[in-house]
Amino acid sequence: MDKIQRNDLMSLETYAQERIDFRSRVMLHKKHRRVDVGPNLSLYFENRLTIQYQIQEMLRIERIFEVNAIEAELETYNPLIPDGGNLKATAMFEFEDEAIRRRRLAQLVAAEDMIWLAVDGHHRIKAIANEDLQRSTDEKTSAVHFLRFELSHDMITALRGGVRLEMGCNHPQYTHQVTVPNVTTESLLDDLDPI
């Protein structure tokens, strides 16, 4: 999947005019790219469109228009775009109550390293977490992590053939797994190289 270049982005003025329509298109696209693993872990699968939206929003919020600052945003966000042989996701541990969130994140140390993906008929793939920087300590995990799942050619072929896709977490304090809905699998296949 192509990385985003500066000339792919809308200017602040153009984005202000296009934002409502662009945001609607992105939200509809994202609808089928979320996988809930149990009650408190959501995986939001990123691709070129979702990352372009993130960048456009950052430029808008921070009022960034200088070339060097735009390039810095591209450098930060482009690594979150899948490369054709992998899926990339933002993982979020979500707890509404702040006291519960603090307690649970302390119990879930290293949970990001125990998130997995399984293509039916193949071994589980463990997520590669937080390649950009460490987001956890020995005392607690972070609520947000960036994950990469590397798939083999055989796994991609099997997924294109319609086999089941499962995701889960096997942390002792959070053991959940889910079968990914077909509509989500179809959306994720767009991120992978053709057979």
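Here is a short chat between a trainee and a mentor about this predicted model.

Trainee: Let's start with the largest pocket. What volume does it have?

Mentor: Remember that we're looking at a predicted model. For the largest pocket, the computed volume is about 240 Å³.

Trainee: Which residues of the lining are the closest to the centre of that pocket?

Mentor: The largest pocket is lined by 14 residues. By class, the lining divides into 8 nonpolar, 2 polar and 4 charged. The ones closest to the centre are P79, L80, E131, D132 and F146.

Trainee: And which element gives the most to the lining of the largest pocket?

Mentor: Four elements each supply at least two lining residues: α3 (67-77), β3 (86-93), β6 (128-129) and β7 (144-150). The top contributor, with 3 residues, is β7.

Trainee: On to β3, then. Why is β3 described as largely enclosed by the rest of the structure?

Mentor: Look at its two partners to begin with. Strand β2 (residues 41-46) pairs with β3 in the antiparallel sense over 6 bridges, and β7 runs antiparallel to β3, joined by 7 bridges. As for the enclosure, β3 is largely enclosed because the buried residues in this strand number 7 of the 8.

Trainee: Which residue of β7 stands opposite A91?

Mentor: You can use opposite pairs to fix the register on each side of β3. On the β2 side, F45 stands opposite A89. On the β7 side, the residue opposite A91 is H145.

Trainee: There's a lysine in β3, K88. Is K88 buried or exposed?

Mentor: Check its surroundings as well as its area. Leaving out residues up to four places away in sequence, K88 touches a list of residues including K3, Y44, F45, E46, P79 and L147. The cut-off for buried is under 20% relative accessible area. K88 has 8%, so K88 is buried.

Trainee: Which residue has its backbone oxygen 2.6 Å from a polar atom of the K88 side chain?

Mentor: That residue is among those K88 touches, and it is also one of the closest to the centre of the largest pocket. The backbone oxygen lying 2.6 Å from a polar atom of the K88 side chain belongs to P79.

Trainee: Now the 4-strand open sheet. Which strands stand at its edges?

Mentor: Read the order, which is β5-β4-β8-β9, with antiparallel pairing. An edge strand has a single partner, so one side of it is left without a neighbour in the sheet. Those edge strands are β5 (125-126) and β9 (174-179).

Trainee: Inside that sheet, which residue of β9 stands opposite M167?

Mentor: M167 is in β8, and on the β4 side L117 stands opposite it. There, 5 bridges join β4 (residues 115-119) to β8 (residues 165-171). On the other pairing, β8 and β9 share 6 bridges and form a hairpin with 2 residues between them. The β9 residue opposite M167 is V178.

Trainee: Q177 sits in β9 too. How far apart in space are Q177 and L43, C-alpha to C-alpha?

Mentor: Q177 is partly exposed, with a relative accessible area of 48%. Beyond its neighbours within four places in sequence, Q177 is in contact with V37, W116, R124, E166, M167 and G168. L43 is 134 residues away from Q177 in sequence, yet the distance in space is 12 Å.

Trainee: Next, helix α6 (residues 182-189). Which residues of α6 are buried?

Mentor: The buried face packs against several elements: α1 (12-30), β1 (34-37), β2, β3, α5 (153-160) and β8. The buried residues themselves are T184, T185, S187, L188 and L189.

Trainee: Last topic, backbone angles. What phi does R63 have?

Mentor: Most residues other than glycine have a negative phi. R63 is in the loop between α2 (48-62) and α3, and its relative accessible area of 63% makes it exposed. R63 is not a glycine, but its phi is positive, at about 55°.

Trainee: And A110, which also has a positive phi: what is its value?

Mentor: A110 is placed in the loop between α4 (98-107) and β4. A110 is partly exposed, with a relative accessible area of 23%. Its phi, again for a residue that is not a glycine, is about 70°.

Definitions and conventions:
Residues are numbered from 1 along each chain as its sequence is written. This is a predicted model: local features need pLDDT of at least 70, side-chain atom pairs count only at pLDDT 80 or more; totals for chains, interfaces and linings use all residues. Side-chain values use heavy atoms; hydrogens and water are left out. On a 1 Å grid over the protein atoms alone, a cavity is a set of points where a 1.4 Å probe fits but cannot get out, and a pocket is an open set with protein on both sides within 12 Å along at least five of seven lines; lining residues have an atom within 4 Å of a point. Grid points are joined across faces, edges and corners, and a volume is the space filled by probe spheres set on the points. Ala, Val, Leu, Ile, Met, Phe, Trp, Tyr, Cys and Pro count as nonpolar, Asp, Glu, Lys and Arg as charged, and the others, Gly among them, as polar. Two strands pair if DSSP finds at least two bridges between them. Buried means under 20% relative accessible area, exposed over 50%, partly exposed in between (1.4 Å probe, protein chains only). A polar contact is a pair of N or O atoms within 3.5 Å; within protein, one must be able to donate a hydrogen and the other to accept it, and residues adjacent in sequence count only if both atoms are side-chain atoms. Contact means heavy atoms within 4.5 Å.
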